[in-house]
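Subject: Structure handover

Hello,

I am passing the structure on to you, with notes on what was found in it. Please look through the sequence and the model before reading further.

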Amino acid sequence: MSDGYTFPASERIKSKAVVGRLFNATTAKVFAYPVKCLYIIEKSTSPGVEVLFSVPKRNHKRANVRNRHKRLMRESYRLSEVRRKLQALAEERGLAIRIAFVYISKEELPYNPVCDAVTKLLAEVVELC
């Protein structure tokens with residue numbers, strides 16, 4: 001069932017050090033409402049793309065709402081065709097690309113605006129590589 005639309009554990013950011021570097025004030029940022037994208041692009045011996053999804057508790061107090069927004073962003077990322085271009089580009093150029101998607105809206109939006117924002121942000125990261 002490896003059709004390219006999976007989201008394996010190897011693509012998830014698990015290191016606290018990487019998370020700390022992503023949320024550092026000097027990290028590059030790109031915005032597309034309702035999502036903000038923080039990213040780090042660096043040369044690496046193990047190239048690839050790693051992703052993190054976050055929804056601040058300050059904006060959404062209830063865990064079920066935060067989980068829903070993270071689920072929407074994960075699904076948008078998983079189904080995005082731009083994701084495949086980004087992965088191929090990272091492996092071709094020997095880059096480790098780490099991306100954090102942060103849901104910044106205070107309102108609950110449906111799938112389409114979130115999907116459009118995630119796709120747009122991925123396309124901007126591809127252009128910057």
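Helices and strands here are DSSP runs, a helix having at least four residues and a strand at least two, and they are numbered from the N terminus. With those labels, Asn59 sits in the loop between S3 and H2. Bear in mind throughout that this is a predicted model.

Asn59 first. Its relative accessible area is 17%, and the cut-off for buried is under 20%, so Asn59 is buried. Leaving aside neighbours within four places in sequence, Asn59 is in contact with Tyr103, Ile104, Ser105 and Lys106.

Next, the charged side chains. Side chains of opposite charge can pair when their charged atoms come close. How many salt bridges does the structure hold? There are five.

One of these salt bridges is formed by Arg21 with Glu42, with 2.9 Å between the closest N and O atoms. Arg21 belongs to helix H1 (residues 16-22) and Glu42 to strand S2 (residues 35-43), so this pair ties together parts of the chain that are 21 residues apart in sequence. Arg21 is partly exposed, at 39% relative accessibility. Glu42 also counts as partly exposed, at 26%.

Glu42 has a salt bridge with Arg98 as well, and here the closest N and O atoms are 2.4 Å apart. This pair links distant parts of the chain, since Arg98 is in strand S4 (residues 95-103) and Glu42 in strand S2, 56 residues apart. Is Arg98 buried or exposed? Arg98 is buried, its relative accessible area being 15%.

A further salt bridge joins the side chains of Glu75 and Arg78, at 2.8 Å from N to O. Both residues lie in helix H2 (residues 63-79), three residues apart, which is about one turn of the helix. Glu75 is partly exposed, with a relative accessible area of 31%, and Arg78 counts as partly exposed at 23%. Elsewhere, salt bridges that share partners join Arg21, Glu42, Glu50 and Arg98 into one network.

Now the aromatic rings. The count of aromatic pairs comes to five. In one of them, the ring centres of Phe53 and Tyr77 are 6.0 Å apart and the planes stand at 65°, so the pair is edge-to-face. Phe53 lies in strand S3 (residues 48-54) and Tyr77 in helix H2, so the two rings tie together parts that are 24 residues apart in sequence. Phe53 is buried, with a relative accessible area of 12%, and Tyr77 counts as buried at 1%.

Tyr77 also pairs with Phe101: the ring centres are 6.3 Å apart and the planes are at 50°, so this pair is tilted. Tyr77 in helix H2 and Phe101 in strand S4 are distant parts of the chain, 24 residues apart. Both Tyr77 and Phe101 are buried. Ring pairs link Phe7, Phe53, Tyr77 and Phe101 into a cluster.

One charge also sits with a ring: Arg84 lies over the face of Tyr5, 4.5 Å from the ring centre.

Last, the nonpolar cores. Which residues have the most contacts inside the largest nonpolar core? They are Met73, Tyr77, Ile99 and Phe101, in a core of 28 residues. The elements giving two or more residues to this core are strand S1 (28-32), S2, S3, H2, helix H3 (81-93), S4 and helix H4 (111-128). H4 gives the most, with six residues.

For Ile99, again leaving aside neighbours within four places in sequence, the contacts are Ile13, Leu22, Cys37, Leu38, Tyr39, Val49, Glu50, Val51, Leu52, Leu86, Leu122 and Val125. Apart from the largest core lies another, of eight residues, among them Ile13, Leu22, Leu38 and Ile40.

If you want a place to start in the viewer, try Tyr77, which has ring pairs with Phe53 and with Phe101.

Regards

Conventions:
Residues are numbered from 1 along each chain as its sequence is written. This is a predicted model: local features need pLDDT of at least 70, side-chain atom pairs count only at pLDDT 80 or more; totals for chains, interfaces and linings use all residues. Side-chain values use heavy atoms; hydrogens and water are left out. A salt bridge is a side-chain nitrogen of Lys or Arg within 4 Å of a carboxyl oxygen of Asp or Glu. Buried means under 20% relative accessible area, exposed over 50%, partly exposed in between (1.4 Å probe, protein chains only). Rings of Phe, Tyr and Trp (its six-membered ring) pair if their centres lie within 6.5 Å; planes under 30 degrees apart count as stacked, over 60 as edge-to-face and the rest as tilted. A charge sits over a ring if NZ of Lys or CZ of Arg is within 6 Å of the ring centre and within 35 degrees of the ring normal. A nonpolar core is a set of buried Ala, Val, Leu, Ile, Met, Phe, Trp, Tyr and Cys residues joined through side-chain atoms within 4.5 Å. Contact means heavy atoms within 4.5 Å.
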